[in-house]
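User: I'm new to this one. Could you walk me through how to read its features, one kind at a time?

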Amino acid sequence: MPDAGFLTAAEAVLRTNDLGDCTRPSPRLYPHQWNWDSAFAAIGWAYLDWPRAVREVDALLAGQWVTGMLPQIRYRPGVEGYSPGPEWWPHPRVRHPGERTSGMSQPPVLPSAVYTVGLLQPDESVRRAWWARVYEPVRDALLYFSRHRTAGGSPLVAVIHPWESGLDNSPRWDFAVRKGFRPERSYTRADTAVVDAAGRPRRADYDLYFYLVERIAAFPVEGADAVAAAPFAVYDALFNAIWYRAAVDLNRIARLIGREPAVADAELRTFRDAYHATLWNEAAGLFRDYDLSGGAQIPADTCAGLGAIWGGLVDARRADAMLDRYEKRCAGCRMLPSALPDEPGFDPARYWRGPAWVNINWMVARGLEALGLRERATVLAAETLALVRAGGFFEFFHAQTGAPLGGPDFTWSAALAIDLVRRPVSFIGRDTPA
Ligand code: 9WN
């Protein structure tokens with residue numbers, strides 16, 4: 001498909017999912033507003049209709065909690081067909097009464113998205129005024145994690161539900177599924193009525209998900225003691241890399257609008273050191289995740305281990321070596337499989353256990369670009385666009401055949417494809433405003 005037709009098709013996906021102020025991830029599968037989906041959507045909207053990108057961010061912030069937490073889901077009133085619905089979260093501690101949300105968060109992509117969306121506004125005064133308006137709530141959302149989700153003196157942030165990681169059924173979380181937790185109440189799944197169950201998490205995964213929902217809804221996991229004692233608490237390598245990149249991007253915004261840095265340089269250095277000391281695995285040549293209850297790294301290699309490339313937590317040499325190793329281990333796969341085929345638990349068609357995802361590819365490609373690894377970045381961006389051009393704007397793609405899978409008309413697949421076409425990775429320098 002030539003670029004014009006491709007961009008028109010991508011725009012049509014965003015418009016199909018446009019609910020006025022927010023963009024649902026996919027028509028029937030995900031009918032509410034999701035956190036990191038909306039951050040990616042805002043980047044796509046910024047090319048099509050900049051004020052609409054601003055509305056996307058405002059809508060997401062409308063669900064913010066008094067603690068600063070930005071929820072994983074902001075429920076749309078009266079909309080059914082997704083489970084768990086708002087009835088599983090009876091006491092959302094929202095800033096704006098009447099908002100219904102879930103009680104956990106998702107990877108903090110928003111600050112980086114706000115930075116990018118701002119740069120795509122050509123009028124400097126409009127850009128700066130918008131950044132100044134959203135700066136504080138966006139900063140609160142990021143700092144929520146440092147204030148409420150750390151333990152044991154480490155600055156790393158703990159994720160307390162697989163859904164918070166955004167990579168729900170990643171083989172990294174199998175150790176927790178194996179513990180056999182089950183919720184007290186029975187639950188009904190809505191997802192398998194909409195898409196093929198073979199591409200979705202299994203029943204045992206959902207038992208864990210609903211068990212944790214019940215626990216978190218009853219006792220919020222906040223503060224060092226609660227985090228340390230939580231049934232599921234992990235330092236996710238991708239989540240923490242996203243947090244670090246968000247802090248760096250927020251500091252860039254702060255500098256441009258004349259505010260103090262959101263996170264001081266010394267804190268960033270401490271965070272970076274802890275990230276390397278806790279999560280680097282020399283034998284794998286990749287970062288791994290860390291289980292707080294077991295007090296050890298989780299022995300599973302997945303795309304999350306490449307998150308440091310997006311985060312800017314590694315230099316170009318290390319990034320090059322990490323990716324080299326990753327690619328060698330996935331011969332015969334379309335890039336980037338979300339889990340490695342030589343690992344137990346790999347499934348080329350099941351969600352986060354193997355398939356390639358546009359958002360992961362996009363983050364790694366943009367990270368490579370920022371490190372000056374243009375050739376690698378260009379190859380990965382081209383592979384990503386090839387998957388979408390051939391299969392359509394689906395949720396994910398079979399790790400070996402590239403066949404489109406999961407929900408159709410998937411928002412971030414379209415939004416990030418727009419970004420890759422409109423701002424090709426080889427064109428470095430555009431993100432530095434005059
Ligand atoms: C639970 C919306 C979300 C994404 C996640 C993805 C999937 C939800 C689900 O869909 O998770 O949050 O019901 O499976 O794993 O990354 O944000 O697209």
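**Cavities, odd backbone spots and helix pairs**

Analyst: Let's start inside, with the lining of the largest cavity: its residues divide into twelve nonpolar, three polar and four charged. Keep in mind that this is a predicted model.

User: How do you look for a cavity in general?

Analyst: Rolling a probe the size of a water molecule over the atoms shows where empty space is left. Here, a search of the whole structure turns up two cavities of 30 Å³ or more.

User: What is the volume of the largest cavity, and which residues lie nearest its centre?

Analyst: Its volume is about 200 Å³. The lining of the largest cavity counts 19 residues, and Tyr-30, Trp-34, Gln-106, Asp-168 and Tyr-351 are the ones nearest the centre.

User: And what lines the second largest cavity?

Analyst: That cavity has a volume of about 60 Å³. Residues lining the second largest cavity include Asn-35, Leu-70, Ser-105, Gln-106, Ala-141, Leu-142 and Phe-145. Two elements give two or more residues to this lining: helix H4 (110-119) and helix H5 (124-148). H5 gives the most, with three residues. Sorted by class, the lining of the second largest cavity has nine nonpolar and three polar residues, and no charged ones.

User: Next, the backbone. What should I expect there before I go hunting for exceptions?

Analyst: Most residues other than glycine have a negative phi, and most peptide bonds are trans. Now for the exceptions in this model. Ser-83 and Pro-84 are joined by a cis peptide bond, with omega about 5°. To find Pro-84, look in the loop between strand E2 (73-74) and H4.

User: Where is Leu-336, and what kind of peptide bond comes to it from Met-335?

Analyst: The bond from Met-335 to Leu-336 is cis, with omega near -20°. Leu-336 sits in the loop between helix H13 (316-328) and helix H14 (358-370).

User: Which residue other than glycine has a positive phi?

Analyst: Tyr-351 does, with phi near 55°. You'll find Tyr-351 in the loop between H13 and H14. You've met this residue already, as one of those nearest the centre of the largest cavity.

User: Now helices. How do people describe a pair that packs together?

Analyst: Two packed helices are described by the angle between their axes and the distance between the axes. Try helix H2 (residues 35-48) and helix H3 (residues 50-62): their axes come within 6 Å and cross at roughly 165°. An angle over 145 degrees counts as roughly antiparallel, so H2 is roughly antiparallel to H3. H2 passes H3 in a left-handed crossing.

User: Which residues meet in that pair?

Analyst: From H2, they include Asn-35, Ser-38, Trp-45 and Leu-48, and from H3, Trp-50, Arg-52, Glu-56 and Leu-60 are among them. The contact of H2 with H3 divides into nine nonpolar, two polar and two charged residues. Asn-35 is also in the lining of the second largest cavity.

User: How are H10 and H11 set relative to each other?

Analyst: The axes of helix H10 (residues 237-256) and helix H11 (residues 265-279) come within 11 Å and cross at roughly 165°. H10 and H11 are therefore roughly antiparallel to each other. H10 passes H11 in a left-handed crossing. Contact residues of H10 include Trp-243, Tyr-244 and Asn-251, while H11 brings Phe-271, Arg-272 and Tyr-275, among others. The residues of this contact divide into ten nonpolar, two polar and one charged.

User: And at what angle do the axes of H15 and H16 cross?

Analyst: Helix H15 (residues 374-391) and helix H16 (residues 411-422) have axes that come within 10 Å and cross at roughly 130°. That makes H15 oblique to H16. H15 passes H16 in a left-handed crossing. Ala-381, Thr-384, Leu-385 and Arg-389 of H15 meet Ala-417, Leu-420 and Val-421 of H16. By class, the contact of H15 with H16 has five nonpolar residues, one polar and one charged.

Technical notes:
Residues are numbered from 1 along each chain as its sequence is written. This is a predicted model: local features need pLDDT of at least 70, side-chain atom pairs count only at pLDDT 80 or more; totals for chains, interfaces and linings use all residues. Side-chain values use heavy atoms; hydrogens and water are left out. Axes are lines fitted to C-alpha atoms, for helices over the stretch in contact, and angles run from 0 to 180 degrees between N-to-C directions. Helices (H or I, at least four residues) and strands (E, at least two) are DSSP runs, numbered from the N terminus. Angles under 35 degrees count as roughly parallel, over 145 as roughly antiparallel, 65 to 115 as roughly perpendicular and the rest as oblique. A crossing is left-handed if the near helix is turned anticlockwise from the far one by less than a right angle, and right-handed if clockwise. Contact means heavy atoms within 4.5 Å. Ala, Val, Leu, Ile, Met, Phe, Trp, Tyr, Cys and Pro count as nonpolar, Asp, Glu, Lys and Arg as charged, and the others, Gly among them, as polar. On a 1 Å grid over the protein atoms alone, a cavity is a set of points where a 1.4 Å probe fits but cannot get out, and a pocket is an open set with protein on both sides within 12 Å along at least five of seven lines; lining residues have an atom within 4 Å of a point. Grid points are joined across faces, edges and corners, and a volume is the space filled by probe spheres set on the points.
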